[in-house]
Amino acid sequence: LPTIISSLDFKRPEVVLPYPNKESFGTYPPFQAAIEECINRMMAAYGMPALHYTYGPTFFPGALVGLLPAEDKGFGWGINAFLMFLAHCKNISFRAVPVSARHDRDVQEGLETEFLRVRQLKEYVAAIEDATKSKQEVAL
């Protein structure tokens with residue numbers, strides 16, 4: 001994290017997106033890996049760069065704050081997708097930074113963990129849907 005923070009260029013707006021390198025991603029629980037791959041493919045299907053979108057923390061330029069909806073949309077995990085989609089619409093560049101870290105064991109077990117990951121997917125889908133509705137306003 002300190003390396004990423006020290007590399008931030010506050011004069012140039014960009015989204016800095018840490019992502020697990022291949023070795024790190026290989027330590028993810030299989031169900032979580034499948035959900036995250038689905039989210040990444042979905043983001044790419046909307047024209048986003050082919051990156052890993054669910055790792056964090058993600059660093060966003062402050063200019064995106066004014067594009068957030070005034071009311072709480074309940075994006076949950078999907079807030080990152082919403083902001084990334086708007087950044088993409090505003091032609092803000094993305095910089096992916098590989099991270100090598102072994103995945104921790106999930107706190108929950110079994111169905112509880114699967115429900116958490118399905119909720120994560122639903123929140124990403126809802127946020128992307130809302131962002132696509134906002135796309136024309138943002139592009140102006």
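**Exercise 1. Start with glutamate 123: is this residue buried or exposed, and which side chain does it meet in a salt bridge?**

Solution. Step one: glutamate 123 has 16% relative accessibility, so it counts as buried, the cut-off being under 20%. Keep in mind that we're working with a predicted model here.

Step two: look for the partner. The side chain of glutamate 123 meets that of arginine 119 in a salt bridge, at 3.4 Å from N to O.

Step three: place the pair. Both residues sit in helix 5 (residues 111-139), four residues apart, or about one turn of the helix. That spacing fits a general rule: an α-helix has 3.6 residues a turn, so residues three or four places apart point the same way.

Step four: check the partner's surroundings. Arginine 119 has a relative accessible area of 41%, so it is partly exposed.

**Exercise 2. Work out how many salt bridges there are, and which parts of the chain the one between arginine 95 and glutamate 14 ties together.**

Solution. Step one: the count comes to two salt bridges. One of them joins the side chains of arginine 95 and glutamate 14, with 3.0 Å from N to O.

Step two: arginine 95 belongs to strand 2 and glutamate 14 to strand 1, so this pair ties together parts that are 81 residues apart in sequence.

Step three: compare the two ends. Glutamate 14 is buried, at 6% relative accessibility, while arginine 95 is partly exposed at 22%.

**Exercise 3. Lay out the secondary structure, then say how strand 1 and strand 2 pair.**

Solution. Step one: the tally is five helices and two strands. Going along the sequence, you read α-β-α-α-α-β-α.

Step two: take the strands. Strand 1 and strand 2 (residues 93-99) run parallel and pair over seven bridges. If you want a spot to look at, find proline 18, which stands opposite valine 97 in strand 2.

Step three: see how covered strand 1 (residues 14-20) is. Six of its seven residues are buried, so the strand is largely enclosed by the rest of the structure. For the whole protein, buried residues make up 41% of the 140.

**Exercise 4. Describe helix 3 and what follows it. Which of its residues are buried?**

Solution. Step one: helix 3 (residues 30-45) has 16 residues and spans 22 Å from first C-alpha to last, close to the 22 Å expected at 1.5 Å a residue.

Step two: pick out its buried residues. They are Gln32, Ala33, Ile35, Glu36, Ile39, Asn40, Met42 and Met43.

Step three: move past the end of the helix. Glycine 47 follows helix 3 and has a positive phi, near 90°. This glycine lies in the loop between helix 3 and helix 4, and it is partly exposed, with a relative accessible area of 44%.

Step four: look across from there. Glycine 47 and histidine 88 are 41 residues apart in sequence, yet 8.6 Å apart in space, C-alpha to C-alpha.

**Exercise 5. Find the other positive phi: what is unusual about asparagine 91, and where does it lie?**

Solution. Step one: recall the background. Most residues other than glycine have a negative phi.

Step two: asparagine 91 has a phi near 60°, a positive value in a residue other than glycine. It lies in the loop between helix 4 and strand 2 and is exposed, at 71% relative accessible area.

**Exercise 6. Which residues form a nonpolar patch on the surface?**

Solution. Step one: the patch is made of Val65, Leu68 and Ile79, and together they have about 230 Å² of accessible area.

Step two: zoom in on isoleucine 79. This residue sits in helix 4 (residues 79-89) and is partly exposed, with a relative accessible area of 31%.

**Exercise 7. Decide how far to trust the model: which element has the lowest mean pLDDT?**

Solution. Step one: the mean pLDDT of the protein is 82, and 84% of its residues reach 70 or more.

Step two: among the elements, helix 1 (residues 2-6) has the lowest mean, 65, and helix 3 the highest, 90.

Step three: apply the caution. Where pLDDT is low, the predicted coordinates should not be read in detail.

Notes
Residues numbered from 1 in each chain as written. Predicted model: local features only at pLDDT ≥ 70, side-chain atom pairs only at ≥ 80, totals over all residues. Heavy atoms only, no water. Patch = residues over 30% accessible without salt bridge, like charges linked within 9 Å, V, L, I, M, F, W, Y side chains within 5 Å. Areas by Shrake-Rupley, 256 points an atom, 1.4 Å probe, with all protein chains shown as cover. Salt bridge = Lys/Arg side-chain N within 4 Å of Asp/Glu carboxyl O. Buried < 20%, exposed > 50% of the residue type's maximum accessible area, 1.4 Å probe, protein only. Expected span 1.5 Å × (residues − 1). Pairing = 2+ DSSP bridges. pLDDT = per-residue confidence, 0-100.
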